[in-house]
Amino acid sequence: MKKALFISLACVAAHFIGNAQSVRFGFTAGATLANYKIKSEGASVSEKSKTGITTGILADILISNQFSFQPAINFVQKGTKSENTNGPVTEKSSTSVNYIEMPLNFLFNVNQGKSGGTFFIGAGPSIAFAVSGKTKFDDGTNSVSEKLKFGNGTDDDMKRMDLGANFITGYRFKNGLLISVNYNAGLSNLIPGESGGYSAKSNYFGIKLGYLLNGAGKN
């Protein structure tokens with residue numbers, strides 16, 4: 001069902017691109033603050049958020065004076081961490097996962113006039129594929145690191161594909177520079193095989209700086 005939805009959205013995106021008034025390309029880089037929400041028998045648990053990096057390229061496709069379509073291809077680090085102290089011993093664990101993520105954002109743009117830039121806000125679906133990941137455990141004496149296995153089988157650690165909903169806002173200056181903040185809410189249960197009533201879904205905040213090529217004066 002979810003795959004069919006994303007195929008339909010891709011077809012809609014292709015239609016917008018074909019009817020676009022202008023297309024600009026750009027790049028972004030920034031930081032992420034990621035976590036996982038784990039549910040079991042109605043209870044929801046989250047560990048500590050983990051910082052990471054993100055970088056990518058985007059296309060800004062003008063549909064009308066106020067609306068645009070902005071697909072992107074990003075490298076995104078997601079994960080979580082925890083810390084437990086028992087007497088003199090502090091145990092630390094972390095999970096780090098590297099994704100290639102494609103958000104399909106639909107933006108509403110508010111031009112600030114000839115002397116200003118453009119404020120934008122929008123949302124859209126995202127699809128991400130895990131390319132690598134690892135877990136790390138440290139009890140203060142010993143440290144163990146293991147690579148994650150991705151797949152849908154019971155012997156795997158995590159599903160590879162992560163579907164999400166992305167929300168974004170930001171400001172684009174007249175010279176092409178831009179700053180944006182986004183929140184990505186995972187929709188996929190990342191626990192492989194028979195989850196037994198458990199679910200684990202990703203989420204992260206991202207803050208980025210970027211630049212639109214040929215963007216000066218085209219807000």
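This report walks through a predicted model of one protein chain, from its overall plan to its cores, patches and charged pairs.

**The overall plan**

Let's start with the big picture. The protein chain has one helix and ten strands. Following the sequence from start to end, you meet the pattern α-β-β-β-β-β-β-β-β-β-β. The chain has 219 residues, and 39% of them count as buried. Its exposed surface comes to about 12100 Å², with carbon and sulfur atoms supplying 60% of that area.

How do parts that are far apart in sequence meet? Take the contacts in the chain with a separation of 6 or more: residues 24 or more positions apart account for 63% of them. Keep that in mind as you look at the strands.

**Strands side by side**

Strand 10, residues 198-212, is a good place to begin. Strand 1 runs antiparallel to strand 10, and 15 bridges join the two. You can find one spot in this region by looking for Thr28, which stands opposite Gly210 in strand 10. Strand 10 also pairs with strand 9 (residues 177-186), again in the antiparallel sense, over nine bridges. Here Tyr183 stands opposite Phe205 in strand 10.

Thr54 gives a view from another strand, since this residue is found in strand 3 (residues 50-62). Is Thr54 buried or exposed? Its relative accessibility is 3%, so Thr54 counts as buried. Leaving out residues up to four places away in sequence, Thr54 touches Ala29, Gly30, Ala31, Thr32, Asn74, Phe75, Val76 and Lys208. Thr54 and Ile207 also show how the chain folds back on itself: 153 residues separate them in sequence, while their C-alpha atoms are 8.8 Å apart in space.

**A nonpolar core inside**

As a general idea, nonpolar side chains in soluble globular proteins tend to be buried together. In this model, the largest nonpolar core has nine residues: Tyr36, Val97, Tyr99, Ala128, Ala130, Leu148, Phe150, Met158 and Leu190. Strand 5 and strand 6 (118-138) are the elements that give two or more residues to this core.

Leu190 is a helpful core member to click on. Setting aside residues up to four places away in sequence, Leu190 touches Tyr36, Tyr99, Met158, Lys159, Met161, Asp162, Ala200 and Ser202. Remember Asp162 from that list, as this residue comes back below in a salt bridge with Lys78.

**A nonpolar patch on the surface**

Nonpolar residues also appear on the outside. A surface patch of about 810 Å² is made by Val23, Phe25, Phe27, Ile57, Ile73, Ile100, Met102, Val131 and Leu213. Strand 1 (22-40) and strand 5 (89-111) each supply at least two of the patch residues. The largest share, three residues, comes from strand 1.

Ile73 belongs to this patch and lies in strand 4 (residues 67-86). How accessible is Ile73? Its relative accessibility is 47%, so Ile73 counts as partly exposed.

**Charged pairs**

Side chains of opposite charge can pair when their charged atoms come close. A search of the whole structure finds three salt bridges, and here they are.

| Side chains | Distance, N to O |
|---|---|
| Arg24 and Asp60 | 2.9 Å |
| Lys78 and Glu101 | 3.3 Å |
| Asp162 and Lys78 | 3.1 Å |

Now for where these pairs sit. Arg24 and Asp60 meet in a salt bridge. Arg24 is in strand 1 and Asp60 in strand 3, so this pair ties together parts that are 36 residues apart in sequence. Both Arg24 and Asp60 are buried.

Next comes the bridge between Lys78 and Glu101. Lys78 lies in strand 4 and Glu101 in strand 5, so their pairing ties together parts that are 23 residues apart in sequence. Lys78 and Glu101 are buried as well.

The remaining bridge is between Asp162 and Lys78. This pair links distant parts of the chain, with Asp162 in strand 8 (residues 161-172) and Lys78 in strand 4, 84 residues apart. Asp162 and Lys78 are both buried. Which residues form one network through shared partners? Lys78, Glu101 and Asp162 are joined in this way by their salt bridges.

Technical notes
Residues are numbered from 1 along each chain as its sequence is written. This is a predicted model: local features need pLDDT of at least 70, side-chain atom pairs count only at pLDDT 80 or more; totals for chains, interfaces and linings use all residues. Side-chain values use heavy atoms; hydrogens and water are left out. Patches are made of residues with over 30% relative accessible area and no salt bridge: like charges are joined within 9 Å, nonpolar side chains (Val, Leu, Ile, Met, Phe, Trp, Tyr) within 5 Å. Accessible areas come from the Shrake-Rupley method with a 1.4 Å probe; for residues, only the protein chains shown count as cover. A salt bridge is a side-chain nitrogen of Lys or Arg within 4 Å of a carboxyl oxygen of Asp or Glu. Helices (H or I, at least four residues) and strands (E, at least two) are DSSP runs, numbered from the N terminus. Buried means under 20% relative accessible area, exposed over 50%, partly exposed in between (1.4 Å probe, protein chains only). Two strands pair if DSSP finds at least two bridges between them. A nonpolar core is a set of buried Ala, Val, Leu, Ile, Met, Phe, Trp, Tyr and Cys residues joined through side-chain atoms within 4.5 Å. Contact means heavy atoms within 4.5 Å.
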